[in-house]
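Q: Could you take me through a protein model feature by feature, and show me how each one is read?

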Amino acid sequence: MAVRMEAANISGKELNRFLKLWTKGNHRFYRPKVIRLFLEDGTQLNYEEVLKGIKYEDVQNNYYRDHCSFRLKRRDGKESEVFIDRNQFAFRVV
């Protein structure tokens, strides 16, 4: 299951909250395998704000071509990869 949104209106702080919920393994919210958000024109994400307070690993990933991505690990062993560009956010459960 995948979610794709164009002209999304979401902040780095809100994405940070989503990632923290995912890493804690909260089973009460919707859990798609892939989320891709394209932010509204002029809106930019700061990856430091999105990943603040979250343990992650920098990884090189062919799925997102030559861009940098980050790997998150959950307590139950599940992993996800996060790609953050100026106006794009992608989350994929590995």
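The dialogue below goes through fold, surface, pockets, single residues and salt bridges in turn.

Q: What kind of model is this, and how many helices and strands are there in the chain?
A: The model is a predicted one, and its chain holds two helices and six strands. Read from the N terminus, these elements follow the order β-α-β-α-β-β-β-β.

Q: How do I read contacts along the sequence, and what percentage of them join residues at least 24 apart?
A: The general idea is to ask how far apart in sequence two touching residues stand. Here, if one takes the contacts between residues at least 6 apart in sequence, 63% of them join residues at least 24 apart.

Q: What share of the residues in the chain is buried, and what does the accessible surface come to?
A: A residue counts as buried when its relative accessible area is under 20%. On that basis 39% of the 94 residues in the chain are buried, while the accessible surface of the chain comes to about 6,500 Å², with 45% of that surface belonging to carbon and sulfur atoms.

Q: How is a pocket found, and what volume does the largest pocket have?
A: Rolling a probe the size of a water molecule over the atoms shows where empty space is left. In this model the largest pocket has a volume of about 250 Å³, and of the 13 residues that line this pocket, T23, I54, K55, K73 and R74 are the closest to its centre. Helix α1 (12-24) and strand β4 (68-73) each supply at least two residues of that lining.

Q: Which classes of residue make up the lining of the largest pocket, and which make up that of the second largest?
A: The lining of the largest pocket has eight charged, three nonpolar and two polar residues, whereas the lining of the second largest pocket has ten nonpolar residues, one charged residue and no polar ones. The second largest pocket has a volume of about 190 Å³, and among its eleven lining residues V3, I10, F18, I35 and L37 lie nearest the centre. Two or more lining residues come from each of β1 (2-8), α1 and β2 (34-39), with α1 giving the largest share, three residues.

Q: Is S80 buried or exposed, and which residues does S80 touch?
A: S80 counts as buried because its relative accessibility is 0%. This serine lies in strand β5 (residues 79-85), and, leaving aside residues up to four places away in sequence, S80 touches W22, F70, R71, L72, F91, R92, V93 and V94.

Q: What about the backbone of A7: is its phi positive or negative?
A: A7 has a positive phi of about 60 degrees, although A7 is not a glycine. The residue is placed in strand β1, and A7 is exposed, with a relative accessible area of 51%.

Q: How many salt bridges does the structure hold, and how are they read?
A: One looks for side chains of opposite charge whose nitrogen and oxygen atoms lie within 4 Å; the structure holds six such salt bridges. One of them joins R4 and E6 at 2.9 Å, N to O, and both of these residues are exposed. Another joins E79 and K73 at 3.9 Å, N to O, where E79 is partly exposed at 24% relative accessibility. D76 and R74 meet at 2.8 Å, N to O; D76 is partly exposed, with a relative accessible area of 47%, while R74 counts as buried at 6%.

Q: Which residues are joined into one network by salt bridges that share partners?
A: R71, K73, E79, E81 and R92 are joined in this way.

Notes:
Residues numbered from 1 in each chain as written. Predicted model: local features only at pLDDT ≥ 70, side-chain atom pairs only at ≥ 80, totals over all residues. Heavy atoms only, no water. Helix = DSSP H or I, 4+ residues; strand = E, 2+ residues; numbered from the N terminus. Buried < 20%, exposed > 50% of the residue type's maximum accessible area, 1.4 Å probe, protein only. Contact = heavy atoms within 4.5 Å. Areas by Shrake-Rupley, 256 points an atom, 1.4 Å probe, with all protein chains shown as cover. 1 Å grid on protein atoms, 1.4 Å probe; cavity = no way out; pocket = protein on both sides within 12 Å on 5 of 7 lines; lining within 4 Å. Points joined across faces, edges and corners; volume = space filled by probe spheres on them. Nonpolar A, V, L, I, M, F, W, Y, C, P; charged D, E, K, R; others polar.
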